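Me: Please take a close look at one part of this structure: the aromatic rings and their contacts. I would also be grateful for a word on the backbone angles that stand out.

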Amino acid sequence: MQSTTTTALSYKTHPTLNPTFLPDPPTFASFVKNISVSFVSMRLYVYVLEAKDLPVKDSYVNLQVGKHKSKTRILRNTIVPVWNDEFVFRVHGTDEELVVSVYHHVEEPKIFSGSGNLLGRIWIPLWSVAAEKNQTLPPTWFPLERPKTGKFINKECGKIFLTMSLHGISYETSVNHVLCAHSNNNIEEPKELEVSCISCQDIFSSKTPSRKIAEGKYLMKTIANRLEKIFHKNEEALRSDDSSELSSTLSDYEDCMEEHSSSCSFVEAIEMMQSRYNGQDKMPENLQGGILLDQLYIVSSHDLNAFLFSPDSQFSKNLAEVQGTKDVQEGPWMWKSGATSDLTRAVSYTKAATKLVKAVKATEEQTYIRADGREFVVSVSVSTPDVPYGSTFKVELLYKIMPGPELSSGEELSHLVVSWGINFLQKTMMRGMIEGGVRQGLKESFDQFASLLTQNFKIFDMVSVSNKDDVLETLGAEHRSDWQLATEYFWNLTVVSAIFMAMYFLVHSLLSEPSNLQGLEFKGLDLPDSLGELITSGILVIQLERVYNMISHFIQARLQRGSDHGVKAQGDGWVLTIALIEGINLASLVSTEFSDPYVVFTCNGKTRTSSVKLQTRDPQWNEMLEFDAMEEPPSVLDVEVFDFDGPFELATSLGHAEINFVKHTSTELADMWVPLEGKLAQSSQSKLHLRMFVDNNKGVEMIREYLTKMEKEVGKKLSLRSPQKNSTFQKLFILPPEEFLISDFTCHLKRKMPLQGRLFLSSRIVGFYANLFGHKAKFFFLWEDIEDIQVLPPSLASMGSPTLVIILRKDRGLDARHGAKSQDEEGRLKFYFQSFASFNGASRTIMALWRTRTLTPDQKAQISEEQEDQDDTSIMLEDAGSFPDVEDAKLSKVFTAELPININSLMEIFDGGKLEHKIMEKSGCLNYATTTWEPVKPDVFERRLSYKFNRHVSVFGGEVICTQQKFPIPNNEGWIVNEVMALQGVPFDDHFHVHFRYQMEKSHDHSDSSCMCDVYIGVTWLKSIKFQQRITWNITKKFAHRLKEIFEVVDTDREILFRTQQDS
């Protein structure tokens, strides 16, 4: 598909020719020997592409090199078969040749002649392939030679389209005045050979490499044409005059030189087309299938053309990698003969398999039909014969690259338009199915095409250069009043006919005289006197009832809108503004009626509602909705369209969508068509037209305030990153400009093998990036996607480091699934991070950011209002020089009981043994660990505890670090254990400590088999907040219940304690 130049290289010695027309055998043998190539480990690759003008429909191709044979598949019911088959032969020298035979397939078995009739045959010598540039014969149409016997000896046999190449060659070529040696032969046309001899001498006297290649091709074409005339022309044609023969030879030479021009560079070829352009051709129309891509890019049209279609384009390689395309082979750009010279090339590849279609081979023929330096048009014909019914059609694509409008900044724009169509080669009943499948496949492919192109060139949108205020002002001007909407809603046949009938009845009543009482009538009751009057009255009542319902529905719908439209945002921070323009193809619950749609937007727990549009599938809103200022930029906007059925009815969803602000640029958000999901919406292909703007009305100061607030949650200093680092972070993950980096940590991502990289934390995402010897791994997910964060204790598998496990919600973060270690049975992705330089710092930062993003706006506002000026110095338990004085805390008794065990046995639950671990694990403690008791003062001992609450104890989980001291009561009456608990991973964990006192002493009867146990609880506040009383009450209640459960476990397992007592 790269070139339609016909190369006559097929020849075969005819056994019945007059010997006087052939060179002497020794001379001809010396000719073949003089064009010699020495080969090492050579393979011949033959690509049978297609055929045309065949006299029959069912055909296949046989190929033979030496004793090796191969055959294509049989294609039925077409005279233009497209095989696209590849064959490989091992060859050993230049004296071998490729024999290509085309057969007509017949169903009747033939014992002696096979299962087909020969249509035509060609012979191609291998030295002709070796003489080509890069040892590759470009795709060429070869005319088939008629068979000498059979039913097709008097019919035109058609042509076959082949390309072939030799691989693994190390060779040297020598041609030693071949044609000059023929001057002594007994040929009837000596003048031609004389001209050939002169040209041959000119060839080898030239020192220019390109001239040698071109003249070498001229030599080969002269030989091929000469042999063709010997074998195919009759005696009368061979006796033509010398001038005609000389003209033919020179014509062959010109053709050869034209072929040589195809080897010029891509830039030179484009410049040549530009020089030939006369300015009279019109820009071709878009193809009938529709538009696949219509976009403006900030790049010149010349550069965009070179970026897309130049040889060895990096964009083509990247696109093939994204789409999973393999075995891509691009032919060189070449000229093809025709009314005008067109530049063309062939591209073959294997398309990636889909859910419905296996991996298939495809061949593209790309042709420049216009290139004037500013406007470029490329036509592409795609053949996919391996797909179902693939031989019945070809897909046509048309790329148009034109200059865009001029910008005041001086930047050049290019306008890229890609359209498509289908060329059906024969009739088929599956036409509709084929068009639908092609449309869907092209849409998916060009979505990837556009996405990849956007990464290289910036999109220009007219909306992006417009001021946001101008856009919103236009919407305000377009908004219609209630009177206009009422007029549009009530101006219909139902209302008009009801009003007309009511007026008609009223005028009739005024003009008519009172009738006499008849039948069952009495004074004040006038009944219809006939069936016609009864029917007319019924119709009037029904019409008036419908009008009443419409008026009631309209009033309810206007009240439903509320006050969201036009209300300005309050506060400072990130403000989200949504312009709801219109909707198309909105679904309806009843196919015969229209819906009454309205839209509800939800972001960060806040909602905004549009007005109700009555009785329409394509509503026009033109409304502006603003969300109050937020402390951090919004991540996700939930959009849902409802059908209004009255204020007391449950609204029915017509479709929903989720817009991820992180994955869209501000330009894309400024003008977006959002497809709706859901059964009703997808069946109707419903869409909403939105324009969204995210603005920070305080600038950098807002980011500083956010970081200052997060410092209190994290417990460490958070610095504002430099613009350069923020920009690098945004480019790395392709994030919008409002995203800012908060912190980053070096760690390992645990998959099959640990992968060292860097974990990035920003206001909206958690991202990971690694680059190991050029192999890059990159992904991110939103904070809102996280369902749970767990900490696993150090193990041998984690190289002695704790592991942070991030668990995402079901069906969330699917773009990052390649970084997940596992996926549980509920479909949740799990990410394992370990080997942090400072695990405590990293885990605290991650937990704090996650909690902040998951709190509702009301909770955040309440916390912000109730916080006062606080002392930034936190008393950390592990940094305290001495054990805090429990007496300073106000303790209250929360538990008292008499236990049927002695004091020594009860103290076993404080010695760090198996019994303590068993009881604490049953009471909801995970990863329970203790240190040994160490003396700190006379008769005073101290130890440390650490564990984590499970989700049944605390919804936040939370880590616990405790310090315990014990000392005996005088006179050996018992023991007192004081405990100070510091919580981590719960809201306001750095604001307070919890104090416990366990007092265990002998029972009142001084029995050794029982003891009294009293437990006291108090809360010490390190930082003052207004609602600390509420938190104190919650902590006291929760731990009182937990202590009761612990001692119930002790009472349940007292048999173990008795055993312990007996042993002691």
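Reply: In what follows, helices (H or I, at least four residues) and strands (E, at least two) are DSSP runs, numbered from the N terminus. The model is a predicted one. With these names, Ile 734 can be placed in the loop between α18 (723-733) and β26 (741-750). Its phi is near 55°, a positive value in a residue other than glycine. Most residues other than glycine have a negative phi. Ile 734 is also exposed, with a relative accessible area of 53%, and the cut-off for that word is over 50%. A second residue of this kind is Asp 327, which is not a glycine and yet has a positive phi of about 55°. Asp 327 belongs to strand β10, and its relative accessibility of 57% means that it counts as exposed.

Strand β10 leads to the rings, since the loop between β10 (326-330) and β11 (334-336) carries Trp 333. The structure holds 34 aromatic pairs. In one of them, Trp 333 meets Tyr 368 at 5.1 Å centre to centre, with 55° between the planes, and the pair is tilted. Tyr 368 lies in strand β13 (residues 360-371), so this pair ties together parts of the sequence that are 35 residues apart. Trp 333 and Tyr 368 are both buried. These two rings also belong to a cluster linked by ring pairs, whose members include Phe 266, Phe 307, Phe 309 and Phe 315. Among the other members are Tyr 399, Phe 446, Phe 449 and Phe 457.

A further pair is formed by Phe 781 and Phe 831. The ring centres of Phe 781 and Phe 831 are 5.0 Å apart and their planes stand at 35°, so this pair is tilted. Planes must be under 30 degrees apart to count as stacked and over 60 to count as edge-to-face. The pair joins distant parts of the chain: Phe 781 is in strand β29 (residues 775-782) and Phe 831 in strand β33 (residues 829-834), 50 residues apart. Phe 781 is buried, with a relative accessible area of 1%. Phe 831 is buried as well, at 0%.

Rings also meet charged side chains here. The charged end of Lys 71 sits over the ring of Tyr 60, at 5.0 Å from its centre. Likewise, Lys 821 lies over the face of Tyr 832, 5.4 Å from the ring centre.

How values were computed
Residues are numbered from 1 along each chain as its sequence is written. This is a predicted model: local features need pLDDT of at least 70, side-chain atom pairs count only at pLDDT 80 or more; totals for chains, interfaces and linings use all residues. Side-chain values use heavy atoms; hydrogens and water are left out. Rings of Phe, Tyr and Trp (its six-membered ring) pair if their centres lie within 6.5 Å; planes under 30 degrees apart count as stacked, over 60 as edge-to-face and the rest as tilted. Buried means under 20% relative accessible area, exposed over 50%, partly exposed in between (1.4 Å probe, protein chains only). A charge sits over a ring if NZ of Lys or CZ of Arg is within 6 Å of the ring centre and within 35 degrees of the ring normal.
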